[in-house]
Every structure is written in structure tokens, then in C-alpha cells.
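Biologist: I am new to this one. Could you take me through it, and give the reason behind each term?

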Amino acid sequence: MSQGTSHTPFDVPTLEGWTLYVAHSEQVNRLVVFVHGFNGRSVKTWLNFPEAGDHREWWRDADLLFIGYKSLRENITGVANRVRRELPLFYPDPFGMAMNIAGARPRENISPYSELTLVGHSLGGLILRRAMVDGMMKWRDAGSPDPRPAWLTGRLRLFSPASAGFQSAGFLGAVNASGIWGAIEMFLNTSSAYRDLQPGSAIQTDTRLRTEALASQNGGDTLRANIVWANPDEVVITERYTTDFVDDSWDGKSHTTICKPELGDFEMPWSFVETGSVS
């Protein structure tokens, strides 16, 4: 498992595939949550994100929660519901079990976080959108009590999200046109998440309509995403919601590499999560 010197990884025993990287800094004031894409991995998808605290001050003051799920077996709604249900265990108060690892506290000052950033790649972006809009609707249906649930104040940072679905261009298009695609697609269609990634699926349409409606009413910036696309992106349709912030793209990055920072070579993913900007 990837590990730097600024954080200690803690596998959450009650949630399979969830790993919390606990910061050693005495000024930890933020939680950053990562949700990988289709057939991705909880931590591996994000390459050097776990070591960000070894190189950048912003990350030294952040705990990092990497959420894993089985995209070939689970459906989008089910995973989104789990995220929505379990996030209050991690925010705004730090996850208690991880604040005492092998009898030792990772830091002396353990206080509630004041910032939450939600990071999604590909399918993970759609899962976060679904969790956020359902959470917002549940809060509204309860009469919009004050204060709003803390996790519903999180900021969305999305790398090439699958908000508008899957496309088959470039290399994938060539595979699609080949004789082997039929067998591959037969296997993939056993996954409800893959079926939901087809353009115009019910879950995509419903999530978009409800998000745009609520973001235009009382959702504030919580439902508005900062987005950066790979260029070219041969996997997802590069279309944002009308209520999102203006998006941007990185030339020469592929769908799979856009969310993988590398020290000295490609540090922009770290900066994008920090600020929501690519400039």
C-alpha cells in the first residue's frame, strides 16, 4: 500500500475497501474524500495522492479518505447510498477508531474538521453527484433544518466525470469495431454500473435533472462541480451540467492518467483539488 511519511494508512474494518490516511500534523482542519472510477482501485487509482503531504503544505493538514467499491458487481445508487450513509462517521468529527492506532494517537490535537473536499474520477464523479443530490433532497424533505448536515457543505472536484456517460472513441472505438468487442461487452453488461454508464441512462438523466434543479434553488455551491477533462478523452462524454462551474481540460492527458499526480512531472492534480482551478 502506498504510504508517505506525513500520513499513516488505516483500513476501516467496518467498511470494506475504505482506507483513511491519517495526518500527523497538529493543524489538521480538512478531510479529502476520493472515489475511484469503473474497475478502479481505492488507493492505487490515485497514484501519488497519498504522498501529497510529503511535498505540499495544504495536504499535510488534511486526512484523506479513499473509498473503494466493486464496480463490476455493485450499482451506482447502492454505492452512492453507502457514501451518503457513512460519510457522517468521518465528517465533521474525525473517525474515532483511526485516532488511536495500535494504542498511539496520530496527533495530539484531534478536533472537528472545517473543510470537506469530495474528489471523483470517471464513474466516481457520478456516484458523488448522486450521493450529494440525494442528501440534499433528504435534507430539504425534512424541512431544511438549520444547520445543514455538515457533509453537504463539501466541494466537488471531478476528474473526467462520467456524468453524461460512456463513449467509445479512439482505441476503445477500434476495439468496439473488432471481433472481440462482443465478448467483452457481454461480460461488462453483467455489471449494472456499466449499463448505467450508457448515454441517456435513467440514472444519468435523473441525477442531472435533480441536481440542476436544486443547484438553481437552494443548493448553493455544494452541487456545483469544478471539472477538469482529459484531452482527448476517449472514455466519457465531456459534458458538464448547466449549473457547474466553467470546466477546463489538460492536453495530452488520457482518461486514466488525468487523476494521477507525479512529483516534478505532473503536479496539477494536487493543485486542482486544492483550489478547484487549473491555472
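Modeller: What follows is a round of questions on a predicted model.

Biologist: What makes up the protein, in helices and strands?

Modeller: The protein has 8 helices and 8 strands. Of its 279 residues, 52% are buried. Among contacts between residues at least 6 apart in sequence, 72% join residues at least 24 apart.

Biologist: How are the strands of the open sheet ordered?

Modeller: The 8 strands run in the order β1-β2-β4-β3-β5-β6-β7-β8. The pairing is mixed. On average, neighbouring strands are turned by 20° against each other, direction ignored.

Biologist: Why do β1 and β8 count as edges?

Modeller: β1 (7–11) and β8 (248–251) each have a single partner strand, so one side of each has no neighbour in the sheet.

Biologist: How do you know that β6 and β7 pair?

Modeller: Pairing needs at least two bridges. β6 (residues 155–159) and β7 (residues 225–231) share 4 bridges, in the parallel sense. The cut-off is met, so the two strands count as paired. At one position, Leu 156 stands opposite Ala 225 in β7.

Biologist: Which strands does helix α8 lie across?

Modeller: Helix α8 (residues 268–275) lies across β3 (30–35), β5 (115–121), β6, β7 and β8. The angle between α8 and β6 is about 155°. Angles over 145 degrees count as roughly antiparallel, so α8 is roughly antiparallel to β6.

Biologist: Now the helix pair. Why is α2 called oblique to α3?

Modeller: Two packed helices are described by the angle and the distance between their axes. For α2 (residues 76–86) and α3 (residues 123–141), the angle is about 60° and the axes are 8 Å apart. Roughly parallel needs an angle under 35 degrees, and roughly perpendicular starts at 65. The value of about 60° falls between those limits, so α2 is oblique to α3. The crossing of α2 and α3 is right-handed.

Biologist: Which residues of α2 and α3 make the contact?

Modeller: From α2 come Ile 76, Thr 77, Val 79, Ala 80, Asn 81, Val 83 and Arg 84. The α3 side includes Leu 123, Leu 126, Ile 127 and Lys 138. The contact residues divide into 9 nonpolar, 3 polar and 4 charged.

Biologist: What makes Ser 122 stand out in its phi?

Modeller: Most residues other than glycine have a negative phi. Ser 122 is not a glycine, yet its phi is positive, near 55°. Ser 122 sits in the loop between β5 and α3.

Biologist: Why is Ser 122 called buried?

Modeller: Buried means under 20% relative accessible area. Ser 122 has 7%, so Ser 122 counts as buried.

Biologist: What about the phi of Ser 160?

Modeller: The phi of Ser 160 is also positive, about 40°, and Ser 160 is not a glycine. Ser 160 lies in the loop between β6 and α4 (170–177). At 0% relative accessibility, Ser 160 counts as buried, because the limit is 20%.

Biologist: Last topic, the peptide bonds. Which bond is cis in the loop between α2 and β5?

Modeller: Most peptide bonds are trans. The bond joining Tyr 91 and Pro 92 is cis, with omega about 10°. Pro 92 lies in the loop between α2 and β5.

Biologist: And what is the omega of the bond from Asp 146 to Pro 147?

Modeller: Omega is near 5° there, and the bond from Asp 146 to Pro 147 is cis. Pro 147 belongs to the loop between α3 and β6.

Methods. Residues numbered from 1 in each chain as written. Predicted model: local features only at pLDDT ≥ 70, side-chain atom pairs only at ≥ 80, totals over all residues. Heavy atoms only, no water. Axes fitted to C-alpha atoms, helices over the stretch in contact; angles between N-to-C directions. Left-handed = near helix turned anticlockwise from the far one by under 90°. Contact = heavy atoms within 4.5 Å. Nonpolar A, V, L, I, M, F, W, Y, C, P; charged D, E, K, R; others polar. Buried < 20%, exposed > 50% of the residue type's maximum accessible area, 1.4 Å probe, protein only.
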